[in-house]
Amino acid sequence: AEENRVSERRESMVASEVGAHEASSDGFGSGKVPLGGKSPLASHESSGQTVVRAETVEASHGAQKISNSFAPQTPAMSTETDDVDGDHVLDDSFDLDDDGEDLDLTAEMERLGLDENDTDGDGSEHGDGSERDDTHGGSFDDDSVGDASAVMEQEEAETRRRVDAEFEMNLRRAELKHVELELRLVASEETVRSARTALAQAESEREQIQSSAHLAWEEVGEVEVEIAEENARRDTEDAVKHKAKRQARAVVDADELRKKGNEAYRNGECADAEVAYKSAINALESCGIELVEPSHLTLRTNRAAALMALGKMREAHVECEAVLRINPENIRALSRAGNCCVKLGNLVAAQSHVDSILNAPSATPEDINAASMQHQKILVASVERDRLVGNDAYRRGDYRGALTWYDAALEAAKDVIDTRAGDAEYTDVLLDVKVGLHTNRAAAHLMRGAPLAAAEDCCAALRLDSGHTKAQVRLARCLLQLGDFAEARQEATDVAERAGGELQSKSEARGVLEDIAAVERASRDAGESLKLAESKLQQAENQPDGQQWDDDFDIQGTASEALRAVDAAVALAPAVPDLITLKAEALRFLDRREEALALLKGKKSVNARRACVEIRLHFDAGNLGACLESAAEIKDVLDAIPEYAAKRLRGKENEGDGETAKNAAYPGQDAGDGDDDINDDLKTVPDPEGLLLLLEKAAKIGECKDAGREAFKSGEHRDALATYAEALRMSSGTSALEGLFLSNMCACEQALGQYADALSSAGTAVGVAPKFIKAHSRLATIYVELSMFDDASAAYASMLELPLEHTEAATTRAAAAAARRKAKQAHPVDWIKLLGVTPNASAGEMKKTYRQLALAHHPDKANKQGASAGVAKARSAISSKLFKHIGEANRVLCDATERMRWENAKSKADRAARTASYATQSRQTGSSHFDPYKRAGGSSYYADFEEEAFSYDDYAYSEFYDDYQS
């Protein structure tokens with residue numbers, strides 16, 4: 001295609017060249033002027049196609065512009081001509097016509113009626129001008145001018161033709177040069193195309209040669225690998241042959257060394273035997289022989305035997321383990337590995353090896369017997385190991401750990417069989433081990449406060465060896481701690497008086513006898529002292545009202561001295577029930593009742609005195625139900641008290657008759673066995689008559705309590721108040737019961753609207769029983785209802801210091817926070833509610849109420865209604881504060897100015913409280929606007945604002961005001 005295109009362009013340029021020469025010759029001859037709009041080279045028709053070249057058109061236009069710029073300007077060329085017949089004469093510049101072809105000058109002149117050879121220029125057909133117009137004809141000057149113009153026009157036209165021809169020739173030369181260069185360019189492109197083809201062929205040949213070179217190099221590598229493999233195969237064959245020779249020599253040498261080692265071992269030369277065995281093993285291993293054959297394993301087991309004989313148990317165990325890795329059922333390796341583990345203290349591994357022997361199918365009867373003997377050795381070693389570890393734990397004070405190891409040792413000792421029945425020495429050793437284990441475990445039990453378990457171990461040791469003095473002394477110590485003083489004294493005396501006994505055991509036995517005497521003395525003296533203290537205390541409590549107790553007996557000092565003696569005795573015998581009872585009794589006299597109850601908690605009463613102490617402690621704690629339950633446990637003893645008291649009274653009246661006095665002092669000595677036991681118990685009971693009175697009082701108080709609860713629930717608050725007041729009088733001196741009934745009286749007075757009395761009762765209850773949580777709660781509630789929020793906050797703070805449950809503590813904290821918020825709003829005290837009057841009460845009614853309350857709550861009247869000293873003291877403290885509040889209430893309410901000021905302050909505080917409540921509700925509901933004057937039902941908040949205050953009736957039957965339940 002490129003060659004065809006170049007050929008067509010060459011032919012077009014040649015044709016254009018010929019056409020240009022023809023046009024130039026025609027221009028000079030015929031007067032045709034080539035115009036710039038089209039040139040012969042710009043349009044060429046070849047094979048029905050027209051090729052237009054923009055370069056030729058632009059060159060033609062350029063030539064025309066140059067021709068026009070250098071053409072001389074003459075008057076004949078002016079565009080202004082005379083108007084001959086009303087039409088304008090065209091100028092001499094020729095433009096393209098509509099069809100774009102060259103303008104023919106001859107045809108144009110013929111169309112205008114001009115002659116091409118006319119030199120006159122007048123446009124007439126006759127040269128002589130015979131037909132001219134009369135106005136112009138005959139004028140010489142006009143003819144001369146016309147000839148001159150024609151001449152000039154012809155010259156100008158000829159000049160233009162020459163210039164145009166010259167430009168045309170230059171254009172044709174440039175185009176020919178361009179064609180020549182294009183031809184050369186085509187030739188060069190052909191050359192480049194040929195060169196590229198040659199280059200591609202050369203590169204293809206190069207790649208083929210390179211691929212062939214790679215294949216040849218791979219062949220070289222394969223040949224080299226084959227050569228290396230052949231060399232390696234030959235080296236391996238040589239090495240195998242050499243190794244086979246060395247191994248053959250090593251086997252021969254190892255066999256010689258084995259024989260040498262066996263000979264040395266039989267001669268007792270264990271060190272030489274071990275060296276020979278080791279050399280044989282090294283000789284085989286150095287030649288690459290893997291020791292897996294039975295003969296090879298025999299070398300290791302023989303070396304292990306030699307090492308064991310030399311005492312190198314760890315190395316011997318390594319050799320046995322190496323054999324067992326290859327053959328786990330090798331009997332010799334298992335047996336010797338078990339012996340090594342026993343020596344090394346790894347009894348678990350030793351037992352595992354022995355069990356493997358017993359379960360091995362290849363084991364012979366001799367192997368089974370040897371393994372059984374070895375098992376017994378392991379058990380004995382296990383017992384000894386556990387005993388030693390237990391002793392070490394005992395020395396460190398780890399008695400629990402010591403018991404664990406002693407238990408394991410005794411358990412293992414049960415499986416030990418006396419395999420040497422005829423060997424008395426072995427039998428004695430095994431027996432001593434068991435006796436020592438029981439004795440040591442008894443000591444550990446004693447240190448952990450378990451004398452009963454210790455006594456059982458001591459008895460087991462004595463059954464194995466009845467003459468074991470250490471076990472007998474420890475049994476005496478156990479009996480002492482259990483309170484069996486007679487048996488303890490007998491065992492200790494037997495050891496102390498035995499001839500030929502151990503000196504240390506005899507010294508310990510004498511120490512036990514001294515401790516027995518000390519505990520009995522302390523128990524007897526403390527019991528008598530506490531009985532006397534109980535009698536004196538009952539006499540002091542039973543004194544008539546107004547009579548002073550003038551006995552100088554120090555109850556507190558006596559109880560303290562008894563407690564010190566009992567503590568010393570408890571250190572020697574901590575598990576004696578009588579000592580625990582005496583300690584609890586002494587703590588009760590010292591007002592440490594909670595400690596006493598904790599000491600007796602969970603322990604069943606073992607005698608009448610323990611039950612009596614529990615009765616008095618439960619009564620002091622206000623737990624009437626538990627008090628009566630403890631009394632039911634000694635009903636027989638309590639039923640015998642009246643007769644016992646009558647007989648003792650008769651004995652006092654007949655003190656002159658020795659026999660009668662003796663019978664009265666021991667009223668049941670002629671009765672049956674059952675009566676003897678009851679009388680023995682009654683002798684230990686402190687003040688049995690006072691105990692009966694106490695139980696009668698507890699029953700009556702319980703009845704009052706139940707009656708008051710029923711009256712309160714039925715709405716008979718005044719009857720409930722009177723019942724609780726009677727119970728309070730009967731509970732005089734018992735702070736827990738006083739606090740309980742004062743709190744219940746507060747609930748009744750609150751229900752009756754007697755807030756001054758309720759505040760007094762609640763404050764007194766808190767003072768009498770400071771740990772009574774319900775009293776604190778009711779006091780805080782009274783303060784809140786009276787708008788005394790600072791006092792309420794203080795009451796809640798005191799309540800939070802007590803041991804509260806999680807829910808109760810959370811509720812108390814919330815109530816305390818609410819009281820603090822109210823306190824910031826400056827609420828005045830609700831004086832009307834404090835006085836218990838209506839808002840519309842007259843001044844006379846208020847004055848009367850004031851006088852009644854002032855008289856009732858005057859600090860000097862604190863001991864009203866026969867109150868105990870504790871109640872009077874607590875009531876005096878709250879009455880001083882209450883008396884001032886009553887006076888202030890009277891002053892504010894009876895003065896019109898003060899009352900108005902108080903009411904204004906109350907209204908202001910109420911508005912502040914409502915505003916805070918509205919803000920809280922808005923935050924909770926998420927609403928930006930809250931109408932403070934409308935409820936959900938449409939009613940006003942002010943309509944029943946008083947109903948939003950705390951109402952007792954809403955809570956009267958809730959658990960908050962229920963009676964105290966123990």
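Let me start with the negative surface patch, which in this predicted model is formed by E218, E219, E222, E226 and E229. One of these residues, E219, has its place in helix α4, which covers residues 140–266.

There is also a patch of the opposite sign to show you, since R820, R821, K822 and K824 gather on the surface in a patch of positive charge. If you follow the chain to K824, you will find this residue in helix α32, which covers residues 806–824, and K824 counts as exposed because its relative accessible area is 73%, where exposed means over 50%.

From helix α32 we can go on to the loop between α32 and α33, the latter being residues 831–835, and in that loop lies A826. The backbone here deserves a careful look, because most residues other than glycine have a negative phi. The phi of A826, however, is a positive value near 60 degrees, and A826 is exposed, with a relative accessible area of 53%.

Where else does a residue other than glycine have a positive phi, near 60 degrees? That residue is D591, whose phi is likewise given as near 60 degrees, and its place is in the loop between α18, residues 577–589, and α19, residues 593–600. D591 is exposed as well, with a relative accessible area of 52%.

Let me finish with T849, which is found in helix α34, residues 843–856. Is T849 buried or exposed? With a relative accessible area of 18%, T849 is buried, because the cut-off for buried is under 20%. Leaving aside residues up to four places away in sequence, T849 touches L835 and V837.

Conventions
Residues numbered from 1 in each chain as written. Predicted model: local features only at pLDDT ≥ 70, side-chain atom pairs only at ≥ 80, totals over all residues. Heavy atoms only, no water. Patch = residues over 30% accessible without salt bridge, like charges linked within 9 Å, V, L, I, M, F, W, Y side chains within 5 Å. Areas by Shrake-Rupley, 256 points an atom, 1.4 Å probe, with all protein chains shown as cover. Salt bridge = Lys/Arg side-chain N within 4 Å of Asp/Glu carboxyl O. Lys, Arg positive; Asp, Glu negative; His and termini not counted. Charge placed at Lys NZ, Arg CZ, Asp CG, Glu CD. Helix = DSSP H or I, 4+ residues; strand = E, 2+ residues; numbered from the N terminus. Buried < 20%, exposed > 50% of the residue type's maximum accessible area, 1.4 Å probe, protein only. Contact = heavy atoms within 4.5 Å.
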